[in-house]
Amino acid sequence: HGVRKLKGAGGYDPWTETQIETMRTTTDATALLIFELALGTGQRPGDLIGMRWDDYRDGFICVKQNKTGKELWIPPTGHLRRILRIAKHEANGLTILSTDKGRPYTYWGIAQRVRKAMKRLGIKDVSLHGLRKNATIELAESGCSDAEIMAITGHATRDMVTLYSRKAQQKVLAKKARDRTD
């Protein structure tokens, strides 16, 4: 009681376009699958490890979020669809993120796999969880409403969507305003 709240910097940093392109073009297949699954669904790393191949059907990935208990049907991005098509042929486990022995990856296993790839590629100051922010920003920059963004990311409140996408929404609004005057 009486303790002031800490002022944070807004959570995890999003990846830059250069970092995303570097990861997409120069990393190994497993790290790329983890990366694209995070970016292409906007889910927390802990939710990625629970995604099963039988949850990917009819053009959607069904995920039940650990934190909120929400069940979401998420249409993957084009990049993710291409990676899933390739990974499905090489799959040897029930989960989308499985080790070479067919066992499900752990949270720490996927985090370590991506961290090692990032280190090898010289990508710094971002994390796997930051890709959730990237997904939110991309949706906001595309003109999606808060409700549409929440339908993909599963954010529980509009405040979180606003926190993650504030700059992107400002850019969209500024462009709309300028389009009216030109």
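Two strands count as a pair here if DSSP finds at least two bridges between them. Keep that in mind, as one of our topics is a small group of strands: an open sheet of three, in the order E1-E2-E3, with antiparallel pairing. By the way, this is a predicted model. The other topics are two helix contacts, H1 with H2 and H2 with H6, plus a look at Asn134, which sits in H6.

**The sheet**

- Strands of a sheet pair through backbone hydrogen bonds, and they can do that either parallel or antiparallel.
- In this sheet the pairing is antiparallel, and the strands line up as E1-E2-E3.
- E1 (56-57) and E3 (71-74) are the edge strands, each with a single partner strand, so each has one side with no neighbour in the sheet.
- E1 is joined to E2 (residues 60-64) by two bridges, and these two strands run antiparallel.
- Want a residue to look up? Find Tyr56, whose bridge partner in E2 is Ile61.

**Where H1 meets H2**

- H1 covers residues 17-26 and H2 covers residues 29-41; their axes are 9 Å apart, and the packing angle is about 140°.
- Angles over 145 degrees would count as roughly antiparallel, but H1 and H2 come out as oblique to each other.
- Their crossing is left-handed.
- On the H1 side, the contact uses Ile20, Met23 and Arg24, while H2 brings in Leu32, Phe35, Glu36 and Leu39.
- Sort the residues of this H1 and H2 contact by class and you get five nonpolar, two charged and no polar.

**Where H2 meets H6**

- The axes of H2 and H6 come within 7 Å and cross at roughly 45°.
- H2 and H6 are therefore oblique to each other as well, and their crossing is right-handed.
- From H2, the residues making the contact are Phe35, Ala38 and Leu39; from H6, they are Leu131, Asn134 and Ala135.
- The class count for H2 with H6 is five nonpolar, one polar and no charged residues.

**A closer look at Asn134**

- Asn134 belongs to helix H6, which spans residues 130-141.
- Is Asn134 buried or exposed? Buried, because its relative accessible area is 10%, and the cut-off for buried is under 20%.
- Which residues does Asn134 touch, leaving aside neighbours within four places in sequence? They are Pro14, Trp15, Ile20 and Leu39.
- Two of those names may ring a bell: Ile20 is part of the H1 side of the contact with H2, and Leu39 is in the H2 side of the contact with H6.

Definitions and conventions: Residues are numbered from 1 along each chain as its sequence is written. This is a predicted model: local features need pLDDT of at least 70, side-chain atom pairs count only at pLDDT 80 or more; totals for chains, interfaces and linings use all residues. Side-chain values use heavy atoms; hydrogens and water are left out. Axes are lines fitted to C-alpha atoms, for helices over the stretch in contact, and angles run from 0 to 180 degrees between N-to-C directions. Helices (H or I, at least four residues) and strands (E, at least two) are DSSP runs, numbered from the N terminus. Angles under 35 degrees count as roughly parallel, over 145 as roughly antiparallel, 65 to 115 as roughly perpendicular and the rest as oblique. A crossing is left-handed if the near helix is turned anticlockwise from the far one by less than a right angle, and right-handed if clockwise. Contact means heavy atoms within 4.5 Å. Ala, Val, Leu, Ile, Met, Phe, Trp, Tyr, Cys and Pro count as nonpolar, Asp, Glu, Lys and Arg as charged, and the others, Gly among them, as polar. Buried means under 20% relative accessible area, exposed over 50%, partly exposed in between (1.4 Å probe, protein chains only).
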